[in-house]
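Me: Could you take a close look at one part of this model for me? I'd like to walk through the strands and the loops that join them, then see what else turns up.

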Amino acid sequence: MSGLEIRADWNTSEVRALMRKLQGARLHQALSVAVNTTAKQVRTNAARIVAKQGGLKRADVDPSIRIYPYSKPTTLTAVVRGSGRPIALIKFAARQTKAGVTANAWGVRKLYKHTFIATMRSGHEGVFARTTKKRFPIKELWGSGVTQVMTQAIEQGEIIADAQDRLTSNVVRQLKRYAFKG
């Protein structure tokens with residue numbers, strides 16, 4: 001997934017006045033903290049949106065959305081990325097039926113014929129299908145990754161509008177904090 005680019009309008013009299021009070025390293029440090037705080041908030045919001053649209057728990061989505069790299073005073077950029085790693089089909093509210101397993105992948109309940117739910121000796125539970133007519137070998141089934149849903153949410157503007165508001169308020173908050181810091 002390509003990076004999410006957020007631009008905020010900081011051209012207010014309040015921001016200009018605060019930026020005049022701060023110079024050099026302190027200004028860059030304040031802006032870096034604001035960018036990192038915003039990136040964390042955007043990551044949380046994106047995980048919430050993807051989980052809701054995907055029919056998943058947020059805990060299953062969180063590891064697939066990362067911030068890379070974190071902002072430094074010299075760079076002032078951070079990218080929130082969703083990975084394309086697939087998520088195990090069992091995580092999509094999978095249920096065993098006579099005909100196979102049904103799962104609610106991305107909001108649509110679908111029947112996966114001739115599949116079954118099993119728990120391995122290791123304790124790992126998953127949805128499996130036989131690869132031959134024999135008992136073994138079997139393979140685990142996976143759903144898609146979060147990239148697709150996150151991309152749709154970005155295109156619909158759900159994530160961007162929230163991110164721009166958060167960035168503006170975080171910049172103002174950090175500039176005030178650093179301007180009045182001893």
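Reply: In this predicted model, take the open sheet in which 3 strands line up as β6-β7-β8, with antiparallel pairing. At its edges sit β6 and β8 (138–140), each of them pairing on one side only. Going from one strand to the next, the twist averages 45°.

Start with β6 and β7. Strand β6 covers residues 115–119 and strand β7 covers residues 125–130; they run antiparallel and are joined by 5 bridges. If you want a spot to click on, try F116, whose bridge partner in β7 is F128. The β6 and β7 hairpin has 5 residues between its strands, and one of the residues in this hairpin, G123, takes a positive phi near 100°.

Now cross to the other neighbour of β7. Here 3 bridges join β7 to β8, again with the strands running antiparallel. F128 turns up once more, this time standing opposite E140 in β8. So F128 is a handy landmark: it is the bridge partner of F116, and it also faces E140.

The loop between β7 and β8 is worth a stop, as P137 has its place there. The peptide bond leading into that proline, from F136 to P137, is cis, with omega near 5°.

Step back along the chain, ahead of β6, and you hit H114, in the loop between β5 and β6. Its phi is near 60°, which is a positive value in a residue other than glycine. As for its surroundings, H114 is exposed, because its relative accessible area is 70% and the cut-off for exposed is over 50%.

On the other side of that loop is β5, which belongs to another open sheet: 3 strands in the order β3-β4-β5, also paired antiparallel. The edge strands in this case are β3 (95–96) and β5 (108–113), and each pairs on one side only. β3 pairs with strand β4 (residues 100–105) over 2 bridges, in the antiparallel sense. To find the register, look at Q96: its bridge partner in β4 is V101.

There's a second cis proline to look at, in the loop between β1 (65–67) and β2 (80–82), where P69 has its place. The bond in question runs from Y68 to P69 and is cis, with omega near -20°. That loop between β1 and β2 also holds L76. L76 has a phi near 55°, a positive value in a residue that isn't glycine. L76 counts as partly exposed, since its relative accessible area is 26% and that class runs between the 20% and 50% cut-offs.

Last, the helices. Helix α2 (residues 24–54) and helix α4 (residues 147–155) have axes that come within 9 Å and cross at roughly 110°. That makes α2 and α4 roughly perpendicular to each other, because 65 to 115 degrees is the range for that label. The crossing of α2 past α4 is right-handed. On the α2 side, the contact is made by A46, I49, V50 and Q53, while α4 brings V149, M150 and A153. Sorted by class, that α2 and α4 contact has 6 nonpolar residues, 1 polar and no charged ones.

Notes:
Residues numbered from 1 in each chain as written. Predicted model: local features only at pLDDT ≥ 70, side-chain atom pairs only at ≥ 80, totals over all residues. Heavy atoms only, no water. Axes fitted to C-alpha atoms, helices over the stretch in contact; angles between N-to-C directions. Helix = DSSP H or I, 4+ residues; strand = E, 2+ residues; numbered from the N terminus. Parallel < 35°, antiparallel > 145°, perpendicular 65-115°, else oblique. Left-handed = near helix turned anticlockwise from the far one by under 90°. Contact = heavy atoms within 4.5 Å. Nonpolar A, V, L, I, M, F, W, Y, C, P; charged D, E, K, R; others polar. Pairing = 2+ DSSP bridges. Buried < 20%, exposed > 50% of the residue type's maximum accessible area, 1.4 Å probe, protein only.
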